[in-house]
Amino acid sequence: MSTKPIKHYLQFSDFTLEEYEYVIERAHIIKRKFKNYEIYHPLIDRTLVMVFEKNSTRTRLSFEAGMHQLGGAAIYLNTRDSQLGRGEPVEDAGQVMSRMCDIIMVRTFGQDIIERFAANSRVPVINGLTNEHHPCQVFADIFTYYEHRGPIAGKTVAWVGDANNMLYSWLQAAEIFGFHVNVSTPKGYDMDMSLVSTNRFTLFDNPSDACQGAHLVNTDVWTSMGYEEENAARLKAFDGWIVDSAKMARAAPDALFMHCLPAHRGEEVAAEVIDGPQSVVWDEAENRLHIQKALIEYLLLGRLDGQ
């Protein structure tokens, strides 16, 4: 067993700017290989275990396909079909699973669950989503911005909607990459300041004002997984927080629109926006694949400059 310290990716602040810039460059290279049908198998005989407690489309597909494309294997475990669903301690699961594979992705509820899992793992653990953080999605979003507009440093990102895991990861990203976040959430759905460790944000009561001059406008569903019983109340509270063409018109002329998906047209975003020319949501979704392949490569192999 290697004595090299284990590097986990449990929230966006786990990497430095230098590490992010390296992985972004690797993602460009790996994506180019993928588009050119170049076989690239640096992870032959390596295994990724994917543990899902929350449902998924993009997370499962991007991690599973990505690991296969890197020459490795991916194993899907749902907590309903494993001993975790029957009360096995998270700590025990981390001990056992990490002895049988090379890297683990966990998609669960509380951040404490993945922290406990990682503390008992012999291999790198990646956060595929928790209630508090969604670092892989924001990493893919920033990579997408780089592709379309270049570096995000000094730019303004507008967040319109729920103060959820996406927002907290965006705020961590703002501190690392040096951009600003305009935040507008309905009253009663404000940020949990215990999850905020930056002053690179401004709060707006009016969601339209938050979009003024923004280079990127971002939103998410009003009711995230685990909060379904609040749906009726949220639909009422979030009235007016739809990202429509009027709000996009207040953003910078070359502003992009992003959404981590799935989206509800007519609720958090208007059809003319998500299906319009400023939307990059399909590139954003695809880039989960490429950025996560580069992330896995880095966690398992370290720096591979020049390849």
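These are my notebook entries on two sheets, some helices and a few backbone details in a predicted model.

**Entry 1: the four-strand sheet**

I began with the strands. Four of them make an open sheet, ordered β2-β1-β3-β4, and their pairing is parallel. I looked up the edges next. They are β2 (73-78) and β4 (125-129). Each has a single partner strand, so one side of each has no neighbour in the sheet. From one strand to the next, the twist averages 20 degrees.

Then I went through the pairs. β1 and β2 run parallel and are joined by six bridges. One residue pair to find on screen is T47 with its bridge partner A73 in β2. At the other edge, strand β3 (residues 103-107) runs parallel to β4, with four bridges between them. Here I104 stands opposite V125 in β4.

Is β4 mostly covered or mostly open? I found it mostly covered, with five of its five residues buried. So β4 is an edge strand, with one side lacking a neighbour in the sheet, yet its residues are buried.

**Entry 2: α3 and α4**

I turned to a helix pair. Helix α3 covers residues 90-97 and helix α4 covers residues 111-119. Their axes come within 7 Å. The crossing angle is roughly 45 degrees. Angles under 35 degrees would count as roughly parallel, and 65 to 115 as roughly perpendicular. The two helices are therefore oblique to each other. I noted the hand as well: α3 passes α4 in a right-handed crossing.

**Entry 3: the five-strand sheet**

There is an open sheet of five strands too. I read its order as β7-β6-β5-β8-β9, with parallel pairing. Which strands stand at its edges? They are β7 (201-203) and β9, each with a single partner strand. One side of each is thus left without a neighbour in the sheet. The twist here averages 20 degrees from one strand to the next.

I checked the β7 edge. Three bridges join strand β6 (residues 180-184) to β7, and the two run parallel. V183 has L203 in β7 as its bridge partner.

**Entry 4: the loop after β9**

I followed the chain out of β9 (256-259) into the loop that leads to α10 (271-274). P262 lies in this loop, and L261 does too. The peptide bond between L261 and P262 is cis, with omega at about 0 degrees. L261 is not a glycine, yet its phi is positive, near 70 degrees. Is L261 buried or exposed? Its relative accessibility is 12%, so L261 counts as buried.

**Entry 5: D45**

I looked at another positive phi. D45, also not a glycine, has a phi of about 70 degrees. Its place is the loop between α1 (17-35) and β1 (47-52). D45 has 71% relative accessibility, so it counts as exposed. I set this beside L261, which counts as buried.

**Entry 6: α11**

I finished on helix α11, residues 281-301. It has 21 residues and reaches 30 Å from its first C-alpha to its last. That is close to the 30 Å expected at 1.5 Å a residue. Where is the kink in α11 centred? I located it at N287, with a bend of about 35 degrees.

I also checked burial. Of the 21 residues of α11, 16 are buried, so the helix is largely enclosed by the rest of the structure. After α11 comes G302, where phi is positive, near 75 degrees.

Notes:
Residues are numbered from 1 along each chain as its sequence is written. This is a predicted model: local features need pLDDT of at least 70, side-chain atom pairs count only at pLDDT 80 or more; totals for chains, interfaces and linings use all residues. Side-chain values use heavy atoms; hydrogens and water are left out. The expected span of a helix is 1.5 Å times one less than its number of residues. The bend at a residue is the angle between axes fitted to the seven residues ending there and the seven starting there. Buried means under 20% relative accessible area, exposed over 50%, partly exposed in between (1.4 Å probe, protein chains only). Two strands pair if DSSP finds at least two bridges between them. Axes are lines fitted to C-alpha atoms, for helices over the stretch in contact, and angles run from 0 to 180 degrees between N-to-C directions. Angles under 35 degrees count as roughly parallel, over 145 as roughly antiparallel, 65 to 115 as roughly perpendicular and the rest as oblique. A crossing is left-handed if the near helix is turned anticlockwise from the far one by less than a right angle, and right-handed if clockwise.
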